[in-house]
Amino acid sequence: MQKRMLIQAAAALVALQFFAVPVFAAGGGGGGGSTDTTTQCKKGQVWDKKKQKCVAPKYGMLDDDNIYDAGHDLAMAGRYDEAIAVLSLAANKQDPRILNYLGYSHRHSGRVAVGLGYYEEALRINPDYTLVREYLGEAHLQIGDLAGAQEQLAEIEKRTGKGSREYGMLAEQIYHFMRS
């Protein structure tokens, strides 16, 4: 098991060498978007919050929070394969945040079934993670499953009400899906 993880990490590192990896790290962490403190890293590097500089990612070198931030930022920038490579370096393979953005990145890369698997695993660990539910609902719409999307919308409403960002985003996607 350990050997397989090291091989996967090495493969991810090799893959990173072939991508231009401008990572934008938000000053607030947690994936809230870029701020005035945004730093752009060179090819093959990610932002290390502790060191406050760009570094080449190595298995075990960055903590999972740094890996999550870099993977999130890459995914939001539309660099899905790069996000997958970075997120795959996480030590905790059961972190719902990591699983969520692995699902997001695979889904947006056209591997919707793979993305669904990551979302389902994240929800198995944390059923109240409404951002996963929003993205899972969007994935259901991608494959034409309106009922599946509506089920996730109902689950979000049950947990946060109709006023949450996740509820509003998925409700809007369902509305557009039904009009098309």
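**Figure 1. Aromatic pairs in the predicted model.** The structure holds 6 aromatic pairs, and what you see here is a predicted model. A good place to begin is with Tyr101 and Tyr135: their ring centres lie 5.9 Å apart and their planes meet at 75°, so this pair is edge-to-face. An angle over 60 degrees is what earns that name. Tyr101 belongs to helix H4 and Tyr135 to helix H6, so the pair ties together parts that are 34 residues apart in sequence. Tyr101 is buried, with a relative accessible area of 3%, and Tyr135 is buried too, at 5%.

**Figure 2. Tyr135 with another partner, Tyr104.** Tyr104 and Tyr135 also form an aromatic pair, this one tilted, with 4.8 Å from centre to centre and 50° between the planes. Here again helix H4, which holds Tyr104, is tied to helix H6, which holds Tyr135, across 31 residues of sequence. Tyr104 has a relative accessible area of 11% and is buried. Which residues do the ring pairs link into a cluster? They are Tyr68, Tyr80, Tyr101, Tyr104, Tyr119 and Tyr135.

**Figure 3. A salt bridge between helices H4 and H6.** Side chains of opposite charge can pair when their charged atoms come close. In this view, Glu138 forms a salt bridge with Arg107, and their closest N and O atoms are 3.1 Å apart. The two partners come from distant parts of the chain: Glu138 sits in helix H6 (residues 130-142) and Arg107 in helix H4, 31 residues apart. Are these partners buried or exposed? Glu138 has a relative accessible area of 14%, and because buried means under 20%, Glu138 counts as buried. Arg107, at 3% relative accessibility, is buried as well.

**Figure 4. A salt bridge between helices H6 and H8.** Arg165 forms a salt bridge with Glu134, with 3.1 Å between the closest N and O atoms. Once more the pair links distant parts of the chain, with Arg165 in helix H8 (residues 165-179) and Glu134 in helix H6, 31 residues apart. The two ends of this bridge have their own settings: Arg165 is partly exposed at 47% relative accessibility, whereas Glu134 is buried at 1%.

**Figure 5. A salt bridge within helix H7.** Glu155 forms a salt bridge with Lys158, and the closest N and O atoms are 3.3 Å apart. Both residues lie in helix H7 (residues 146-160); being 3 residues apart, they are separated by about one helical turn. An α-helix has 3.6 residues a turn, so residues three or four places apart point the same way. Glu155 counts as buried at 18% relative accessibility, while Lys158 counts as exposed at 60%. Asp128 and Arg159 join Glu155 and Lys158 in a network of salt bridges. A search of the whole structure finds 9 salt bridges.

**Figure 6. Helix H2 and its ends.** Helix H2 covers residues 64-76, and at 1.5 Å a residue its 13 residues should span 18 Å; the end C-alpha atoms are 18 Å apart, which agrees. At the N-terminal end, Asp63 acts as a cap, with a side-chain oxygen 3.2 Å from the backbone nitrogen of Asp65. Just after the helix, Gly78 takes a positive phi of about 80°.

**Figure 7. What surrounds helix H2.** How many of the 13 residues of H2 are buried? The count is 11, so the helix is mostly covered. Among the buried residues are Ile67, Tyr68, His72 and Leu74, along with Asp64, Asp69 and Asp73. Strand E1 (46-48), helix H3 (80-87) and helix H4 (96-108) are included in what covers the buried residues of H2.

**Figure 8. Stepping back to the whole chain.** The chain has 8 helices and 2 strands, which follow the pattern α-β-β-α-α-α-α-α-α-α along the sequence. Of its 180 residues, 45% count as buried. Among contacts between residues at least 6 apart in sequence, 48% join residues at least 24 apart. The accessible surface comes to about 9200 Å², and 53% of this area belongs to carbon and sulfur atoms.

Definitions and conventions
Residues numbered from 1 in each chain as written. Predicted model: local features only at pLDDT ≥ 70, side-chain atom pairs only at ≥ 80, totals over all residues. Heavy atoms only, no water. Helix = DSSP H or I, 4+ residues; strand = E, 2+ residues; numbered from the N terminus. Expected span 1.5 Å × (residues − 1). Buried < 20%, exposed > 50% of the residue type's maximum accessible area, 1.4 Å probe, protein only. Contact = heavy atoms within 4.5 Å. Polar contact = N/O pair within 3.5 Å; in protein donor to acceptor, adjacent residues only side chain to side chain. Salt bridge = Lys/Arg side-chain N within 4 Å of Asp/Glu carboxyl O. Areas by Shrake-Rupley, 256 points an atom, 1.4 Å probe, with all protein chains shown as cover. Phe/Tyr/Trp six-rings, centres within 6.5 Å; stacked < 30°, edge-to-face > 60°.
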